[in-house]
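Subject: Structure handover

Hello,

Here is the structure for you to look over. My notes on one part of the fold follow below.

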Amino acid sequence: MAATKKKTVRKAKKGERIRQVAAIPFRLNARGDIEVMLVTSRTTRRFIVPKGWPMKGKNGRKAATIEAQEEAGVLGKTLKQPAGTYSYWKRLANRFVRVDVIVYLLEVTEELADWQEAKRRQRAWLAPADAAMLIDEPDLSTLVKTLKLPDPVD
């Protein structure tokens, strides 16, 4: 994975757009309303969705599933079709680069009490409208606020 990140950063330094994958963990509450899980970023502690670099030998959907487990401690079924995309400016050591993120919905079936980044992140279940207010990236905020599940969940 580190090699993939280094290659991606090299592409960014050449001015190329780079991409990441993300998961929006979701569940239905007792009333049947959707709730989404946000996690805090490690450095700025802002609320985000689990995301990361593409992984060699894994498709975007699988990589998003792994990121959700590592960053949010959730297991479940990642839906086949991406829920959408968003872009943001990523801070590197001496510059910002534009990153395009492909987002997948992950239907949570299990929350782990202990997970890889548990000591470095907090997680929260929220209604999409509430989650959207906490997210700084405008495109991601809109995606979360207008989230629609495919019917039926595949």
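One definition up front: two strands count as paired if DSSP finds at least two bridges between them. Please also keep in mind that this is a predicted model.

My notes centre on strand 2, residues 34-40. How many of its residues are buried, taking buried as under 20% relative accessible area? Seven of the seven are, so strand 2 is largely enclosed by the rest of the structure. Both faces are covered. On one side sit Ile-34, Val-36, Leu-38 and Thr-40, all buried. On the other side, Glu-35, Met-37 and Val-39 are buried too.

Now the partners.

- Strand 1: This strand spans residues 18-28 and runs antiparallel to strand 2, with three bridges joining them. Arg-27 has Glu-35 of strand 2 as its bridge partner. The two strands form a hairpin with five residues between them. In that turn, Gly-32 has a positive phi of about 85°.

- Strand 8: Residues 123-126 make up this strand, which is antiparallel to strand 2 and joined to it by four bridges. Here Val-39 has Arg-123 as its bridge partner.

- Strand 3: Residues 47-48 pair with strand 2 over two bridges, again in the antiparallel sense. Thr-40 has Phe-47 as its bridge partner. This hairpin has six residues between the strands. Arg-45 takes a positive phi near 65° there.

To recap the residues that appear in both views: Glu-35, Val-39 and Thr-40 are buried. Their bridge partners are Arg-27, Arg-123 and Phe-47, respectively.

Best regards

How values were computed. Residues numbered from 1 in each chain as written. Predicted model: local features only at pLDDT ≥ 70, side-chain atom pairs only at ≥ 80, totals over all residues. Heavy atoms only, no water. Buried < 20%, exposed > 50% of the residue type's maximum accessible area, 1.4 Å probe, protein only.
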